[in-house]
Amino acid sequence: MAQNARYLLDELAENAGFRERFRASPGLCVAHFQLAWDTSRTSEERALLRDTELDAVRALLGEVNEHLRKQRAEHRNEPSGTEADSWQRALWLTGGWPAPAASAGVPESAGEDQPVRPSS
Ligand SMILES: [Zn+2]
């Protein structure tokens with residue numbers, strides 16, 4: 001597992017496109033974030049992990065709050081948007097993202113050629 005975390009960090013250091021996709025991703029789950037953090041060697045790696053995770057958590061928290069707002073009776077008529085499944089993504093972000101087949105596009109799922117997942 002630590003070896004895969006090292007691979008993730010090496011890819012982030014060497015591959016600008018990969019780094020860009022990671023930076024825009026919905027974050028690592030808590031367990032894999034901790035593993036990547038513990039495996040990181042430089043302040044640059046930790047800054048990238050920290051900033052990506054903070055942005056992901058803040059964005060998701062905003063969506064969860066929007067979802068909760070729309071659940072209140074006076075807002076029930078508003079159409080639901082991308083925030084509708086934010087509660088589920090919040091569970092995944094804390095407990096672990098599902099297998100790639102169940103969730104294309106989550107950060108820990110393998111893309112066509114770029115596995116981001118530190119393995120579980
Ligand atoms: Zn994970």
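**Entry 1: helix α5**

I began with the exposed residues of helix α5 in this predicted model, and found that Q88, T94 and G95 are exposed on one side of α5, the other side from its buried residues. Those buried residues are S86, R89 and L93, and because they cover an arc of only 55° around the axis, they sit on the same side of α5. I then looked up what lies over them, and the cover of the buried residues of α5 includes α4. Following the chain just past the end of α5, I noted that G96 takes a positive phi of about 130°.

**Entry 2: α4 against α5**

Since α4 had come up as part of the cover, I looked at how the two helices pass each other. Helix α4 spans residues 43-71 and helix α5 spans residues 86-95, and their axes come within 9 Å and cross at roughly 145°. The crossing in which α4 passes α5 is left-handed. On the α4 side I listed L60, E63, V64 and H67, which meet S86, W87, R89, A90 and L93 of α5. Sorted by class, this contact of α4 with α5 has five nonpolar, two polar and two charged residues. I marked S86, R89 and L93 in particular, as they are the buried residues of α5 and also appear among the α5 residues that meet α4.

**Entry 3: α3 against α4**

Next I turned to the contact that α4 makes with α3, where the axes come within 9 Å and cross at roughly 160°. An angle over 145° counts as roughly antiparallel, so α3 is roughly antiparallel to α4. The crossing of α3 past α4 is left-handed. The residues that make the contact are F33, A36 and W37 from α3, together with R46, L49 and E53 from α4. By class I recorded four nonpolar, no polar and two charged residues for the contact of α3 with α4.

**Entry 4: α1 against α3**

I then checked α3 from the side of α1. Helix α1 covers residues 2-14 and helix α3 covers residues 30-39; their axes come within 9 Å and cross at roughly 75°. Because angles of 65 to 115 degrees count as roughly perpendicular, α1 is roughly perpendicular to α3. Here A2, A5, R6, L8 and L9 of α1 meet L35, A36 and T39 of α3, and the residues of this contact divide into six nonpolar, one polar and one charged. I noted that A36 of α3 takes part here and is also listed in the contact with α4.

**Entry 5: a single residue, E45**

Is E45 buried, partly exposed or exposed? I located E45 in helix α4 and found 18 C-beta neighbours inside 10 Å, which means that E45 counts as partly exposed. Setting aside neighbours within four places in sequence, I found E45 in contact with L9, A13 and S40. I also looked up the pair E45 and L12, which are 33 residues apart in sequence and 8.1 Å apart in space, C-alpha to C-alpha.

**Entry 6: the whole chain**

To close, I looked at the chain as a whole, which has five helices and zero strands and follows the pattern α-α-α-α-α along the sequence. Of its 120 residues, 24% count as buried. Among the contacts with a separation of 6 or more, 62% are between residues 24 or more positions apart.

Technical notes: Residues numbered from 1 in each chain as written. Predicted model: local features only at pLDDT ≥ 70, side-chain atom pairs only at ≥ 80, totals over all residues. Axes fitted to C-alpha atoms, helices over the stretch in contact; angles between N-to-C directions. Helix = DSSP H or I, 4+ residues; strand = E, 2+ residues; numbered from the N terminus. Left-handed = near helix turned anticlockwise from the far one by under 90°. Contact = placed C-beta atoms within 7 Å. Nonpolar A, V, L, I, M, F, W, Y, C, P; charged D, E, K, R; others polar. Parallel < 35°, antiparallel > 145°, perpendicular 65-115°, else oblique. Buried ≥ 20, exposed ≤ 12 C-beta atoms within 10 Å, placed from the backbone. Arc of directions from axis to C-beta.
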